[in-house]
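Ready to work through some interfaces? Grab the viewer and try each exercise before you read its solution.

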Amino acid sequence: MNHSLSSSADLSALCLVESYATASAHSSEIDALAREKHSHGCHSLPPRFLRHADEQTVIGMYSIIQAMADGTQDSRDIRNDAVIAATCLGGQQSAARTMIGLRDKGPVAVTPHIVPQCSLHSVASAASVGFGMHGPNFGVGGGPHAPAEGFLLALTLAPMLAKTSPSSRIWLVCTGWDQQPCLDPEGILTNDPICRGMTFVLKPEMARPVDNTHPHIQVSSVKNTPSPHTLPAHGRLKELCEQFEKGNCTTITMTDTCAIEISALSSNRLSSRTNELILQKEAA
Amino acid sequence: MGSEQSSRIVITGVGASTPLGHSFSEIGDALQAGRSGIDWYDAGTFNRLQRHAAANVQKVLLPTETDSLIPTEQFEKSSRIEQFMIGPAAHALADAGINPKVDSLEQKKRVGIIAGIGAEQLKDWESDFLESGHDVFEASCQPSLVHRVAHMLGVNGPATTVAAACASSGYALALGKTWLTTGLVDACVVGGCDVLSPTALAAFHNLRALSRRDDDPQKASRPFDRNRDGFVMGEGGVFFVLERQRAAEDRQCKIYGELAGVGMSSDASHMVTPCSDPVQASRAITEALADANLSPANVDYINAHAAGTPVGDAAEAGAIRNAFGNAAADIFVSSTKSMSGHLISAAAAFEALACLIAIERNMIPPTINLDDPDENCFLRHVPHQSISSPVHVTASNSFGFGGSNLCLVLKSAA
């Protein structure tokens, strides 16, 4: 047997960034946010849709609404769009409450909502069901590498989607906590951390060369990355958002040889929105 | 032919730890014999010793072929869900004749890994909580399981976890195929794992998704049967090594089959309940056949998702009839969940394995317990006993909570 293996060409997929938005809120504000009407233009969530949702689902859906509201997505048909959700340590508070209930009261105390609402795919499924997106929907990550893995799998899905549904977009939703929630032994929150969401609307683009002035994401070789703003694959979502807000071209190092390059998002060909409830509150 | 061969993606390694066995041949024997891996399972003290029919794996094994990849002591110290990934993933690599710790340096080979796991953190927190730990109260941001296992096995390429509920491991196969066709990696470990857990058993029970039959556990999983009343949970891990066909042929390694096509869609209907409208599920099947350049009449066997739920099985039967049209009357359909139980995140990978076994043995595994087929699930069923029949092309459906639909087309590599 000859077990030698060979390498081949680099991943050539590329996605144009059509829209970008971030949102953040303190944990204490999430319940109120879940009760708000989530809609923009012809797109809206059914009433009470988020009543059982995890905190990261709520902020993720809010960032989707922000991305819809930037003007490019107003009347676009999103029925065949795909959604990928990259979440980090979601469902912690519900998990704690469920386990305390299980221990103290037995299986009757376990809510069935823990399964659909606190799994890794929950944010993606909520977006798909809530906004009527029939393209693939799945979750990715789960840990600190989640945003990086989300970008990589968006670029993985791009050639598949371009083949089956050329006019469709990929909604990449990344969520996570700036600082993880701390709970007391009764499952009560003892801090008030910030939950952050970021949505990219990505158009798969298979034809090269592309107009480099348009914001885009692509896989590149580590040695070819020009960006001085390089983050490790386990970089926090907050740091990533800060790079984008500054208009920096950002590189995420995935492995020794592979990186994700995200061009500057400050181009006048892209409108982006940041809705930080915290800032609004402070201003008020 | 040359370029077509290089773009074909084939399976060169298999590793599994399941209620029906721990190897390709052992699982094949169980499927061929129509043997059930389901028994009574005690859900533990927190569940007030509630008894469920479940497909439990008594002990997760580390095959001896994996000695060079993972030390036994390290495996023994790992958590159960880690073992369900480490054992099968290491076995699949050894089966393919790949040792990333050596090959990545000497051959500049890039090996990636994609694991389908739906609720890894929940399982981690739960297992710690059951031992009086406090991780769920003060969660720390540790690398996820797939990164820890990638490090253990020397996997140097990208690593990621994907989740689409019961279709999770199928998405891992689908995305791994693209990593190879686009040249991101030279080999990719793909699959999924899941464990029985008190919280999951209680949650699915309270959702009324589990069978509540209390006579014989081996009769509880009855897909497509008129008297089905829910699914039976199982656990296990199934992983494959995917490679480009040209590379596999150059290495003269065994090729189990080709991952010829994938199709994905979403119902966008409900977070839990399957959509009764078959349009989106059948779209996933149609896209998978188109990706494989095959027509419905080319398919010899369909491994149905059919878990034994009243709504889901009937919806899937409709989707199969819709996607396959007149050809549906001639294609054998079975649900191996009648024997294996529902391995949740690992289900799609297990069922892909069942398709590879069907191809190798020219054998259609049965749907056991199918005593009285539901007329709403009218298909060409294979009740009770396996049958011999030529199998070149198979389709495997997987549908998950949140409306994720997936179809994989696997065919013989010949």
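A salt bridge here is a side-chain nitrogen of Lys or Arg within 4 Å of a carboxyl oxygen of Asp or Glu. Keep in mind that you're looking at a predicted model.

**Exercise 1.** Check whether B:E375 and B:R226 fit the salt-bridge rule, and place the pair in its wider setting.

*Solution.* Start with the distance: the closest N and O atoms of B:E375 and B:R226 are 2.7 Å apart. The cut-off is 4 Å, so the pair counts as a salt bridge. Next, look at how chain B is divided: the domain assignment gives domain 1 (9–257) and domain 2 (261–411). Between these two domains the rule finds eight salt bridges.

**Exercise 2.** Describe how domain 1 and domain 2 of chain B meet.

*Solution.* First, find the centres: the C-alpha centres of the two domains lie 20 Å apart. Then count who takes part: 63 residues come from domain 1 and 65 residues from domain 2. The area buried between them is about 5,000 Å², with carbon and sulfur atoms giving 64% of that. On the polar side, there are 31 residue pairs in polar contact, both residues being at pLDDT 80 or more. Now zoom in on domain 1's side: elements giving two or more residues include β1 (9–17), α8 (168–181) and β6 (187–194) of chain B. The largest share, eight residues, is from α2(B). By type, this side splits into 31 nonpolar, 20 polar and 12 charged residues.

**Exercise 3.** Do the same for the meeting of chain A and chain B.

*Solution.* Begin with the tally: chain A puts in 78 residues and chain B puts in 80 residues. About 6,200 Å² is buried between the chains, and carbon and sulfur atoms give 65% of it. Now go through the polar links: the rule finds 26 residue pairs in polar contact across this interface, both at pLDDT 80 or more. On chain A's side, α3(A) brings the largest share, 10 residues. That side of chain A divides into 37 nonpolar, 34 polar and seven charged residues. How many salt bridges cross between the chains? Just one: B:D291 with A:K163, where the closest N and O atoms are 2.7 Å apart.

**Exercise 4.** Work out in which sense β5(A) and β5(B) pair.

*Solution.* Locate the second strand at residues 159–163 of chain B. The two strands pair in the antiparallel sense, over two bridges. To see it for yourself, find A:V140, which stands opposite B:V162 in β5(B).

Technical notes
Residues are numbered from 1 along each chain as its sequence is written. Chains are lettered from A and ligands numbered from 1 in the order in which they are written. This is a predicted model: local features need pLDDT of at least 70, side-chain atom pairs count only at pLDDT 80 or more; totals for chains, interfaces and linings use all residues. Side-chain values use heavy atoms; hydrogens and water are left out. Contact means heavy atoms within 4.5 Å. Buried area is the accessible area (1.4 Å probe) that two parts lose on being put together, summed over both. A polar contact is a pair of N or O atoms within 3.5 Å; within protein, one must be able to donate a hydrogen and the other to accept it, and residues adjacent in sequence count only if both atoms are side-chain atoms. Helices (H or I, at least four residues) and strands (E, at least two) are DSSP runs, numbered from the N terminus. Ala, Val, Leu, Ile, Met, Phe, Trp, Tyr, Cys and Pro count as nonpolar, Asp, Glu, Lys and Arg as charged, and the others, Gly among them, as polar. Two strands pair if DSSP finds at least two bridges between them. Domain bounds come from an automatic or database domain assignment.
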